[in-house]
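Thank you all for making time this morning. I would like to take you through one structure, slowly, and I will ask you to keep the picture in view while I talk.

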Amino acid sequence: MAPVRLDLTARLCAALGLFGAPGVHVVSARPADDDLLRTVHEPEYVAAVQAASADPRTAQAVFGLGTEDDPAFPGMHEAAARIVGGSVDAARAVLAGRAQHGVNFCGGMHHAKPGCASGFCVYNDAAAAIRAVLDEGARRVVYVDLDCHHGDGTEAVFWDDPRVLTISVHESGTTLFPGTGFPDELGGPGALGSAVNLALPAGTRDAGWLRAVHSVVPQLVEAFEADLLVTQHGCDTHALDPLGHLVLSVDAQRVAAASMHALAHSAVGGRWLALGGGGYEVVDVVPRTWAHLVAEAAHRPLDPLTPLPAPWREHVAQVVGRDAPATMTDGADGAFTGWSSGYDPDDPVDRAVLATRRAAFPLHGLDPDFD
Ligand SMILES: [Zn+2]
Ligand SMILES: [Zn+2]
């Protein structure tokens, strides 16, 4: 989670002219106050983060703090609370119509739970943003999590809330942290079907992943009739990522971002908040993936062959001591076949998709076998 990944992303967006594009407003974020954090986190946990932030030696493992994944550091409370502030402000702006779309690529901290830090995440900005718009009159919100890891924290916050549909598409918990997110995890007794999980096999690759996303997400989002679409674009799904094993390209992630954008317009009145998430290859993957995301939300999608600006590449060489990629593409075509063309019960990706459709689709009045 080295901050350089966000810095390089912001610099790339600026170098590509996205931050200065017509209709794009870059705004600063204030740290969320305690009341806002407590809408999704337990007061004892918020207090523990504040204490660990002031004096890292006080970090308590019972709250997930001071652990290998969530080490305590000075200022951690303010840094994590500022991410929440940004996502909440963006969600409110979108709900109120002050902005059509919002992007916070610093956000997407989907493992943070009500009572503990987890998986590099301290405060769950996605959950706080969803809670904020519900508190301001949104009737239903749909959350789509495309990170390589199961979006367990966000799911947990709304586990028994029928107003929030969380859909997580991820590498199976049999091979990846946090070990959860299987198709039979469907939400609490008051909200059965409001959690949907698609657990994909390691080695799924572009065409399988895009087919899987498009065989589950649009159908459910269209059926749910939400007032806001929140998407999490963790790019640890990429082949170069040191943690995940889904073996995707930047091109697959770009196609998925475009699909989420189109879905926001077709099914959610255009109200779309896009967040970042995981992603640990900080030069070749994170900046390009999220620059594509910003470009998509700005209605200025980038030609994949767009060369990366020379000043940005020189900065990368200076700061990281590595050659940066030359263009916005990995050379993949982003092609896939949809579910309506039929499925192969012997294919591991199709089996995973079918398991999720059979578990969740009937709860939304959808046909599990055929579109
Ligand atoms: Zn992740
Ligand atoms: Zn749009």
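I will begin with the metal site, turn next to a single histidine, and end with the cavities.

Please keep in mind throughout that this is a predicted model.

Let me start with the zinc ion, which is ligand 2, and ask which atoms coordinate it. The donors are the NE2 atoms of His101, His261, His265 and His299, and they sit at 1.9 to 2.0 Å from the metal. Around the zinc ion, these four donor atoms subtend angles of 101 to 132°, and the arrangement is therefore tetrahedral. Read along the chain, the donors of the zinc ion follow the spacing H-x159-H-x3-H-x33-H. His101 belongs to strand β1, residues 101-104, whereas His299 is in the loop between α9 and α10 (310-320), so this pair ties together parts that are 198 residues apart in sequence.

Are those two histidines buried or exposed? His101 has a relative accessible area of 13%, and because buried means under 20%, His101 falls in that class. His299, on the other hand, is partly exposed, with a relative accessible area of 44%.

Now to the single histidine I promised, His41, which is found in the loop between α2 (34-37) and α3 (43-54). Its relative accessibility is 3%, so His41 counts as buried. A polar atom of the His41 side chain lies 2.9 Å from the backbone oxygen of Lys113.

That brings me to the empty space inside the model. How many cavities of 30 Å³ or more does a search of the whole structure find? The search finds two.

The largest cavity has a volume of about 70 Å³, and its lining is made up of Leu146, Trp209, His233, Gly234, Cys235, Thr237, Gln253, Ala256 and Thr289. By class, the lining of the largest cavity has four nonpolar and five polar residues, and no charged ones.

The second largest cavity holds about 30 Å³ of space. Its lining consists of His233, Gln253, Arg254, Ala257, Thr289, His292 and Leu293, and α8 (250-267) and α9 (286-297) each supply at least two of these lining residues. Here the classes are two nonpolar, four polar and one charged.

If you compare the two linings on the screen, you will find His233, Gln253 and Thr289 in both of them. That is where I will stop, and I am glad to go back to any part of the picture.

Terms used. Residues are numbered from 1 along each chain as its sequence is written. Chains are lettered from A and ligands numbered from 1 in the order in which they are written. This is a predicted model: local features need pLDDT of at least 70, side-chain atom pairs count only at pLDDT 80 or more; totals for chains, interfaces and linings use all residues. Side-chain values use heavy atoms; hydrogens and water are left out. On a 1 Å grid over the protein atoms alone, a cavity is a set of points where a 1.4 Å probe fits but cannot get out, and a pocket is an open set with protein on both sides within 12 Å along at least five of seven lines; lining residues have an atom within 4 Å of a point. Grid points are joined across faces, edges and corners, and a volume is the space filled by probe spheres set on the points. Ala, Val, Leu, Ile, Met, Phe, Trp, Tyr, Cys and Pro count as nonpolar, Asp, Glu, Lys and Arg as charged, and the others, Gly among them, as polar. Helices (H or I, at least four residues) and strands (E, at least two) are DSSP runs, numbered from the N terminus. Donors are N, O and S atoms within 2.8 Å of the metal (3.2 Å for Na, K and Ca); water is not among the atoms, so sites may look incomplete. Four donors count as tetrahedral if all angles lie between 85 and 135 degrees; four count as square planar and six as octahedral if opposite donors are over 155 degrees apart and all others between 65 and 115; anything else is irregular. Buried means under 20% relative accessible area, exposed over 50%, partly exposed in between (1.4 Å probe, protein chains only). A polar contact is a pair of N or O atoms within 3.5 Å; within protein, one must be able to donate a hydrogen and the other to accept it, and residues adjacent in sequence count only if both atoms are side-chain atoms.
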